[in-house]
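Let us go through a structure together, one feature at a time. Please keep the sequence and the model open as you read.

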Amino acid sequence: MSDAPATRRSFRVDTGPWVTFQPALDDMLEPLGEAVMARLLVRRGEQVLDVGCGAGATTRELARIVTHTGQVTGIDVAADLLGVADDATILEGLGNITLIDADAGGHPFAPASFDVIFSRLGTMFFDEPGAAFANLRRALRPGGRLGFVCWRSPEENGWVTGPRDAAAMLLPTPPPSSGPSGPFSLASKDHIAALLSGAGFVDVEIEPHDEPLQIGRGDVEEAVDFYLHLLPTGYLLVEPDRHYVDRLRAALRTVIDAHRTSAGIWMGSATWVVTAR
């Protein structure tokens, strides 16, 4: 850890739901980031890029790994979450972190500037994924490593299907996105392989990773709010007719409570852990 003071930046911070629920999201998703880090074997002194860093939990962990002799750059398009990341970076006194408010898919990184590119669920949202991965490859040094985790299909992810099906019993769910980006845009192993090969990566490895995730940090009501505001049923809260919200809350509570144990609320997840160079 560096003793150098962190510099405050002028990110905009709001109190939107992604900021509100970020501690619960980080607790939920932490094992997925760890699965990628375990394969990348990030080392002291390396230069690392964290794509879709959000509120910076993974950025700070990577910064602790590379120590003051290395540097971690976190990049995201959500300025409010970057504000949270900036505050936490300053609080922890991490002087080896740089935060960028931009789209990693098109940002003009200096060529061959990173030893490692890491992402926890941040690569599924590129509007032009082929061009975006090519841009990331150009930012890697010769022999540099890429590692990311992404969702497999919704049907394989119990944390999605249970609450989604409960909501569908009351109101129709919106149609799935047909565009190139979205949380399940990299559900196909063949699609990932083609994108990375086309972008110039080699030694591509795509491994299935199945792991139960803790929802709402063990609290049923927090988990219900979590789904209402963020996840597959969140679209209902912006509809003008709120007539069904109480019924939806009850339906979600029933699904979530069925997964509650003395150790928390656990639902299955299915991801790909992808590495390349």
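What follows is a dialogue between a learner and a teacher about reading this model.

Q: What kind of model is this, and how are the residues numbered?
A: This is a predicted model, in which local features need pLDDT of at least 70 and side-chain atom pairs count only at pLDDT 80 or more, while totals for chains, interfaces and linings use all residues. Residues are numbered from 1 along each chain as its sequence is written, and side-chain values use heavy atoms, with hydrogens and water left out.

Q: How many helices and strands are there in the protein chain?
A: Helices (H or I, at least four residues) and strands (E, at least two) are DSSP runs, numbered from the N terminus. Here the protein chain has 9 helices and 8 strands.

Q: Which strand does strand 2 join, and in what direction do the two run?
A: Two strands pair if DSSP finds at least two bridges between them. Strand 2 (residues 71-76) is joined to strand 3 (residues 97-101) by 5 bridges, and the two run parallel, with Gly74 standing opposite Leu99 of strand 3. Together with helix 4 (residues 79-92), these strands make a right-handed β-α-β unit; right-handed means that, with the strands pointing away from the viewer, the path from the first strand over the helix to the second runs clockwise.

Q: Which residues of helix 5 are buried, and what do they pack against?
A: A residue is buried under 20% relative accessible area, exposed over 50% and partly exposed in between, using a 1.4 Å probe and protein chains only. In helix 5 (residues 129-139), the buried residues include Pro129, Phe133 and Leu136. The buried residues of this helix pack against strand 1 (47-51), strand 4 (114-120), strand 5 (140-151) and helix 7 (189-198).

Q: Where in the chain do Arg120 and Asp26 lie, and how far apart are their closest N and O atoms?
A: Side chains of opposite charge can pair when their charged atoms come close. A salt bridge is counted when a side-chain nitrogen of Lys or Arg is within 4 Å of a carboxyl oxygen of Asp or Glu, and the structure holds 17 of them. In one of these, the closest N and O atoms of Arg120 and Asp26 are 2.8 Å apart, and the pair links strand 4 to helix 2 (residues 22-40) across 94 residues. Arg120 is buried at 13% relative accessibility, and Asp26 is buried at 15%.

How values were computed:
Contact = heavy atoms within 4.5 Å.
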